[in-house]
Amino acid sequence: MQVQQQRQRQQQQQHPRMPGVLTRRRVDAASAAASAGTVATSEALAASNGEAQQQQQKPLVVNIPEQRPSVLPPAAAYEGMVNAGAAKAAMPGPKIFLLGIMAGAYIAFGSLFMLGVGGLMPELMGSNPGLWKLVYALVYPVGLGMVVLGGGELFTGNNAVVASALIEKKCTLSGLAKNWLLSYAGNFVGSMLMVALVFGSGVLADNPMPAAAAANKCGLSFGVALVRGVLANWLVCIAVLQAGASSSLGGKMLAVWPPITTFIALGFEHAVANMFIVPIGILLGAKVTFAEFVVNNLIPVTIGNILAGVVGTSFLYAATFGVWAKPKGA
């Protein structure tokens, strides 16, 4: 035992710093590992910062939809009318008829508003007939405004809209005929429905204007009624074109109001409006038969309305902005 203890003491005396060396080696290894971890972390941060900088340097792309101008120029407005006409010609027949009923009723509401206001101002009519006409004419355009904004197949507007599509070869003649016949029939049914409802309501029972208007309209000669029909629907078709050129509610109503006010104040003739005005006037005492209304007013006014839509609007716009304006071979 003593011999072993002496050997251990001799070994400790020969190597007194061995434990410290071992400790330093462990510390150095730990420091190296920590340094390696720090370097790796720094490299990772640098890489992530580099990626972030690259992402920040990339330009920001924002897709902004192209905005339509508030009012289209005439050429673009005509193109829009042609496209609308093609859609109308392709529409199923029952849908055209139902939308025609709606349009007839909407125009009748405008006529009712006009008669209700104008017939209750006899003093103004006697003292200042010009101002009287202007006042009742200003309220009438609500009918076409309802057609433009609420939807409807108005025969007189379609005289230009669908005819333009036919000229530009965007629809067929049979498509035009379908639209015109069914929208006309629908307008008549809608107007007659309003006649029955208004007569039953009694709102015009004491109003002298409907009977006077019916007698005056049916007293026109065939030629005068036809020409007044041309003048009326020329204004209606330009109102429809202008409304289609606008993209806002206010713009559409402003586009409709002046032309329609003009044709009413000047006493022009509109077939769909007369489908309500004359029959309600007959029911309220006008000395006119329904046959006289059809022969003396509805037929010539309808012909005039068609001429205005096709010639006054479609032909002229096709010759200036459409297919007829393009050079031959283009």
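Which residues form one aromatic cluster with Y78? The partners are Y317 and F321, so to speak a trio with Y78. This is a predicted model, and the report below walks through its annotated spans, its aromatic contacts and a nonpolar patch on its surface.

**Annotated spans**

An unreviewed UniProt entry lists residues 96-118, 138-167, 179-200, 220-241, 262-286 and 306-325 under "transmembrane region". Let's look at two of these spans in the model. Residues 96-118 are 100% helix and 0% strand, with 33 Å between the end C-alpha atoms. Residues 179-200 are likewise 100% helix and 0% strand, and here the end C-alpha atoms lie 31 Å apart.

**Aromatic pairs around F155**

Searching the whole structure turns up nine aromatic pairs. Among them is the contact between F155 and W180, which is edge-to-face, with 6.1 Å from centre to centre and 75° between the planes. This pair connects distant parts of the chain: F155 sits in helix α8 (residues 155-167) and W180 in helix α9 (residues 173-201), 25 residues apart. Both F155 and W180 are buried.

F155 has another aromatic partner, Y184: the ring centres are 4.8 Å apart and the planes meet at 80°, so this pair is edge-to-face too. Again distant parts of the chain are linked, with F155 in helix α8 and Y184 in helix α9, 29 residues apart.

Here are the two pairs side by side:

| Pair | Centre to centre | Angle between planes |
|---|---|---|
| F155 and W180 | 6.1 Å | 75° |
| F155 and Y184 | 4.8 Å | 80° |

Is F155 buried or exposed? With a relative accessible area of 4%, F155 is buried, because buried means under 20%. Y184 has 22% relative accessibility and therefore counts as partly exposed.

**A nonpolar surface patch**

On the surface, F222, V295, I299, I303, L307, V311, F315, V323 and W324 make a nonpolar patch of about 760 Å². Which helix gives the largest share of the patch? That is helix α14 (residues 290-320), which supplies six residues. One residue to find in your viewer is I303, placed in helix α14. I303 has a relative accessibility of 35%, so it counts as partly exposed.

Technical notes: Residues are numbered from 1 along each chain as its sequence is written. This is a predicted model: local features need pLDDT of at least 70, side-chain atom pairs count only at pLDDT 80 or more; totals for chains, interfaces and linings use all residues. Side-chain values use heavy atoms; hydrogens and water are left out. UniProt positions are given in the numbering used here, feature names are shortened, and annotations may be inferred rather than shown by experiment. Helices (H or I, at least four residues) and strands (E, at least two) are DSSP runs, numbered from the N terminus. Rings of Phe, Tyr and Trp (its six-membered ring) pair if their centres lie within 6.5 Å; planes under 30 degrees apart count as stacked, over 60 as edge-to-face and the rest as tilted. Buried means under 20% relative accessible area, exposed over 50%, partly exposed in between (1.4 Å probe, protein chains only). Patches are made of residues with over 30% relative accessible area and no salt bridge: like charges are joined within 9 Å, nonpolar side chains (Val, Leu, Ile, Met, Phe, Trp, Tyr) within 5 Å. Accessible areas come from the Shrake-Rupley method with a 1.4 Å probe; for residues, only the protein chains shown count as cover. A salt bridge is a side-chain nitrogen of Lys or Arg within 4 Å of a carboxyl oxygen of Asp or Glu.
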